[in-house]
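Thank you all for coming; I would like to walk you through one model this morning. Please have a look at it on the screen before I begin.

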Amino acid sequence: MNQTGMPAITTDVDRVLTLLRNKIRERGFTQLEVQAMLGWGRSYISQLLTKQKALRLEQVLMILAVIGVDSGDFFAELFPTGRRPGGSWQGSVGASAGAFSALGEPSAAVAELRSLVRGLVGLLIDREVIDVDELSTAVEDAGSRSAAG
């Protein structure tokens, strides 16, 4: 992967961590309390929030859940409508894999986008927001429209 979008990604990671730390404090929790509620080992949350360990989307969602912050609201605050990761503005967020060009080469952007979508779909299924059968039907319908167009 080339280094083209790395400063923008680093800035976005820093913004995620800052907002996450702020939300923990705003909700009246300490990092130690959140860590205990999640059953994580000693100083683990501190290592995540200070970039000593890589923070995964799943961990962000877990932290948000235990402190009572809606993940949709969190990401909407982080990336207001029209702003895409990497700091650029466009008419709609994520309209195509090209919207993630700040991630470097297209294959890396597509892999990152697929990973994000899988995580979000898994969360929606786990929270019973969407039904697996309905999702399968929607995917098949979308595939039929793509093949026809």
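The secondary structure of this protein chain, which I should say at once is a predicted model, comes to seven helices and zero strands, so that reading along the sequence gives the pattern α-α-α-α-α-α-α. The chain has 149 residues, and 24% of them count as buried. Its accessible surface comes to about 9300 Å², with carbon and sulfur atoms accounting for 54% of that area. If we take the contacts in the chain with a separation of 6 or more, 50% of them are between residues 24 or more positions apart.

Let me turn to the interior. In soluble globular proteins, nonpolar side chains tend to be buried together. Here the largest nonpolar core has 19 residues, and those with the most contacts inside it are L20, I24, V34, I45, I63, L64 and F74. Which elements give two or more residues to this core? They are helix 1, at 6-26, helix 2, at 31-38, helix 3, at 44-49, helix 4, at 57-67, and also helix 5. Helix 1 gives the most, with five residues.

If you would like one residue from which to look around this core, I suggest I63, which touches L20, I24, V34, L38, W40 and I45, leaving aside residues up to four places away in sequence. I63 is one of the buried residues of helix 4, where Q59, V60, L61, L64 and I67 are buried as well. Just after helix 4 comes G68, which takes a positive phi of about 80°.

A little further along we reach helix 5, which runs over residues 71-78 and whose buried residues are S71, F74 and L78. These three cover an arc of only 60° around the axis, which puts them on the same side of helix 5. As a reminder for those who work less with helices, an α-helix has 3.6 residues a turn, so residues three or four places apart point the same way. The N-terminal end of helix 5 is capped by D70, which has a side-chain oxygen 3.0 Å from the backbone nitrogen of G72.

Next, the aromatic residues. A pair of aromatic rings is described by the distance of the centres and the angle of the planes. The structure holds two aromatic pairs. In the pair made by W40 and Y44, the ring centres are 5.2 Å apart and the planes stand at 80°, so the pair is edge-to-face. W40, which we met a moment ago as a residue touched by I63, is buried, with a relative accessible area of 17%, whereas Y44 is partly exposed at 23%. The pair formed by F74 and F75 is edge-to-face too, with 5.2 Å from centre to centre and 90° between the planes. Is F74 buried or exposed? It is buried, with a relative accessible area of 0%, while F75, at 25% relative accessibility, counts as partly exposed.

I would like to finish with the loops, and with a point about the backbone. Most residues other than glycine have a negative phi, and most peptide bonds are trans. Against that background, please look at S43, whose phi is near 65°, a positive value in a residue other than glycine. S43 lies in the loop between helix 2 and helix 3 and is partly exposed, with a relative accessible area of 32%. From S43 to L32 there are 11 residues in sequence and 7.7 Å in space, C-alpha to C-alpha. L32 itself is found in helix 2 and, at 62% relative accessibility, counts as exposed.

The other such residue I want to show you is K51, again with a positive phi near 65° although it is not a glycine. K51 is found in the loop between helix 3 and helix 4, and its 44% relative accessibility makes it partly exposed. T50 lies in the loop between helix 3 and helix 4 as well, and with 43% relative accessibility T50 counts as partly exposed. Where does the side chain of T50 reach? It reaches the backbone oxygen of S46, at 2.7 Å. Finally, T50 and R21 are 29 residues apart in sequence, and their C-alpha atoms are 9.8 Å apart in space.

Conventions: Residues numbered from 1 in each chain as written. Predicted model: local features only at pLDDT ≥ 70, side-chain atom pairs only at ≥ 80, totals over all residues. Heavy atoms only, no water. Buried < 20%, exposed > 50% of the residue type's maximum accessible area, 1.4 Å probe, protein only. Helix = DSSP H or I, 4+ residues; strand = E, 2+ residues; numbered from the N terminus. Arc of directions from axis to C-beta. Polar contact = N/O pair within 3.5 Å; in protein donor to acceptor, adjacent residues only side chain to side chain. Contact = heavy atoms within 4.5 Å. Areas by Shrake-Rupley, 256 points an atom, 1.4 Å probe, with all protein chains shown as cover. Core = buried A, V, L, I, M, F, W, Y, C linked by side-chain atoms within 4.5 Å. Phe/Tyr/Trp six-rings, centres within 6.5 Å; stacked < 30°, edge-to-face > 60°.
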